[in-house]
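Hi,

Here is the structure I said I'd pass on to you. Have it open while you read, and click along as we go.

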Amino acid sequence: MYGLPPDFDASIFVGRELEQVSFSANTVHLTFDDDIAITIETSFLFQVDKTQTAVKQKPPVQSSSIMSLVGRRVCSVHSTGEGTLTLEFTGDGTLTCIDDSVEYESYHIWLCGKEIVV
């Protein structure tokens with residue numbers, strides 16, 4: 001909906017460990033170390049490793065292998081002003097947050113108490 005701010009520095013995710021993935025009726029919440037989190041409200045893509053095809057999901061999620069990324073660290077990150085944020089994890093896993101809603105927020109990023117709405 002809003003895209004990422006022009007001054008957003010996605011490199012803050014590099015080296016962060018994904019500590020927890022939780023689900024609610026309308027969100028997927030990812031908690032990283034150092035007080036960083038993402039709450040996804042629309043579509044996302046993830047891939048556990050390069051041998052598997054990327055899976056696109058959208059809340060509500062009935063089941064997901066995204067839990068396989070818990071305990072891994074972000075080794076690379078890519079973002080676009082249009083709102084796509086891709087995190088690459090150790091072990092060749094990836095997670096892409098997509099800003100594909102024109103009416104509602106797609107995801108929220110929390111960085112040490114500051115909220116970024118995408």
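Below is what I found in it, starting with the whole chain and then moving to a few residues.

One thing to keep in mind: this is a predicted model.

**The whole chain**

What is the protein chain built from? It has ten strands and zero helices. Reading from the N terminus, you just get one β after another: β-β-β-β-β-β-β-β-β-β. The radius of gyration is 13 Å, close to the 13 Å that the globule rule gives for 118 residues, so the chain is as compact as a globular protein of that length. If you draw a box around the C-alpha atoms along the principal axes, it comes out at roughly 35 × 30 × 20 Å.

Of the 118 residues, 43% are buried. Now take the contacts with a separation of 6 or more: 52% of them are between residues 24 or more positions apart. On the outside, the chain exposes about 6,000 Å², and carbon and sulfur atoms supply 48% of that. There are 7 positive and 17 negative charges, and the mean positions of the two groups are 5 Å apart.

**His-108 and Thr-39**

These two are good ones to click on. His-108 sits in strand β9, which covers residues 107-111, while Thr-39 belongs to strand β3, residues 36-40.

Is His-108 buried or exposed? Its relative accessibility is 11%, and buried means under 20%, so His-108 counts as buried. Thr-39 is buried too, because its relative accessibility is 9%.

Leaving aside neighbours within four places in sequence, His-108 is in contact with Thr-39, and also with Ala-37, Ile-38, Glu-41, Glu-115, Ile-116 and Val-117. Seen from the other side, with residues up to four places away again not counted, Thr-39 touches His-108, along with Thr-27, Val-28, His-29, Ser-106, Tyr-107 and Trp-110.

Each of the two also has a polar contact through its side chain. Which side chain does His-108 pair with? That would be Glu-115, at 2.6 Å. For Thr-39, the partner is the side chain of His-29, at 2.5 Å.

**Ser-11**

Last stop: Ser-11, in the segment before β1 (18-23). Its relative accessibility is 41%, so Ser-11 counts as partly exposed. Have a look at Leu-111 as well: it is 100 residues from Ser-11 along the chain, yet their C-alpha atoms are separated by 12 Å.

Happy clicking!

Conventions:
Residues numbered from 1 in each chain as written. Predicted model: local features only at pLDDT ≥ 70, side-chain atom pairs only at ≥ 80, totals over all residues. Heavy atoms only, no water. Helix = DSSP H or I, 4+ residues; strand = E, 2+ residues; numbered from the N terminus. Rg over C-alpha atoms; globule rule 2.2 N^0.38 Å. Buried < 20%, exposed > 50% of the residue type's maximum accessible area, 1.4 Å probe, protein only. Contact = heavy atoms within 4.5 Å. Areas by Shrake-Rupley, 256 points an atom, 1.4 Å probe, with all protein chains shown as cover. Lys, Arg positive; Asp, Glu negative; His and termini not counted. Charge placed at Lys NZ, Arg CZ, Asp CG, Glu CD. Polar contact = N/O pair within 3.5 Å; in protein donor to acceptor, adjacent residues only side chain to side chain.
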